[in-house]
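Me: I should like to go through this structure by question and answer. Please give the reasoning before each result.

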Amino acid sequence: MTLPVDLESDNFRFYKTLHEDVLLKPDENNKWDVQFSNGDWINVTGQDSLRNAICIAIMTRYKELEEMPLYDGFGCRIHELIKGKVSNMSRYKMELFIEDVLKNMRRIHKINDITVEDNVDNEYFRHRISFSVTSISDELVEGSVEI
């Protein structure tokens with residue numbers, strides 16, 4: 001059985017190279033989980049799929065999935081810095097770790113911008129990562145994730 005897909009949507013019809021994925025969204029406590037509609041997972045395509053994949057890659061610890069050969073080297077090293085001292089150097093390293101993750105995604109043509117904010121909502125260890133990329137279909141994809 002496959003997930004329902006809106007075959008008439010522009011994302012499905014024109015951006016198939018950006019693939020499909022299960023929609024994940026954060027709740028009020030910033031815990032990400034699968035989204036449901038009518039008792040089934042919500043499938044996303046195109047730009048939404050790429051945005052979703054970027055958030056998953058950033059939130060997955062580097063080599064967390066190494067026991068699965070398909071995901072060898074998958075994930076982001078940003079988690080090594082999350083509870084460390086906040087400084088310009090740590091923000092710069094976070095940006096480099098995220099850039100490394102984005103460069104390894106075949107669906108991304110160009111990285112336009114990465115911004116790391118710390119002390120989000122006056123919480124010392126909370127960070128907001130905003131990104132802007134150009135997909136392989138030359139469409140601008142923007143998003144953010146809080147860690």
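Me: How many salt bridges does the structure hold?
Reply: The model is a predicted one. Side chains of opposite charge can pair when their charged atoms come close. A nitrogen of Lys or Arg must lie within 4 Å of a carboxyl oxygen of Asp or Glu to be counted. The number of salt bridges in the structure is five.

Me: What is the N to O distance in the salt bridge of aspartate 118 and arginine 91?
Reply: Aspartate 118 belongs to strand β7 and arginine 91 to helix α3, so this pair ties together parts that are 27 residues apart in sequence. The two side chains meet in a salt bridge, with an N to O distance of 2.2 Å.

Me: Is aspartate 118 buried or exposed?
Reply: Its salt-bridge partner, arginine 91, has a relative accessible area of 21% and is partly exposed. For aspartate 118 the relative accessible area is 18%. Because the limit for a buried residue is under 20%, aspartate 118 is classed as buried.

Me: Which residue meets aspartate 48 in a salt bridge?
Reply: Aspartate 48 is partly exposed, its relative accessible area being 35%. The partner lies three residues away in helix α2, about one turn of the helix. The N to O distance is 2.9 Å, and the partner is arginine 51.

Me: Is lysine 103 buried or exposed?
Reply: Lysine 103 forms a salt bridge with glutamate 99 at 3.2 Å, N to O. The two residues are four apart in helix α3, which means a separation of about one helical turn. Glutamate 99, at 27% relative accessibility, counts as partly exposed. Lysine 103 has a relative accessible area of 56%, and because the limit for this class is over 50%, lysine 103 is exposed.

Me: Which strands stand at the edges of the open sheet?
Reply: The sheet has three strands in the order β7-β8-β9, with antiparallel pairing. Two of these have a single partner strand each, so one side of each is left without a neighbour in the sheet. The edge strands are β7 (108-118) and β9 (140-146).

Me: How many bridges join strand β8 to β9?
Reply: The two strands form a hairpin with four residues between them. Among the bridge partners, arginine 128 is matched with glutamate 146, and valine 133 with valine 141. The strands run antiparallel, and the number of bridges is seven.

Me: Which helix lies across β7, β8 and β9?
Reply: Helix α3 packs on the sheet, touching β7 and β8. The helix across β7, β8 and β9 comprises residues 46-59 and runs at about 35 degrees to β9; it is helix α2.

Conventions:
Residues are numbered from 1 along each chain as its sequence is written. This is a predicted model: local features need pLDDT of at least 70, side-chain atom pairs count only at pLDDT 80 or more; totals for chains, interfaces and linings use all residues. Side-chain values use heavy atoms; hydrogens and water are left out. Two strands pair if DSSP finds at least two bridges between them. Contact means heavy atoms within 4.5 Å. Axes are lines fitted to C-alpha atoms, for helices over the stretch in contact, and angles run from 0 to 180 degrees between N-to-C directions. Buried means under 20% relative accessible area, exposed over 50%, partly exposed in between (1.4 Å probe, protein chains only).
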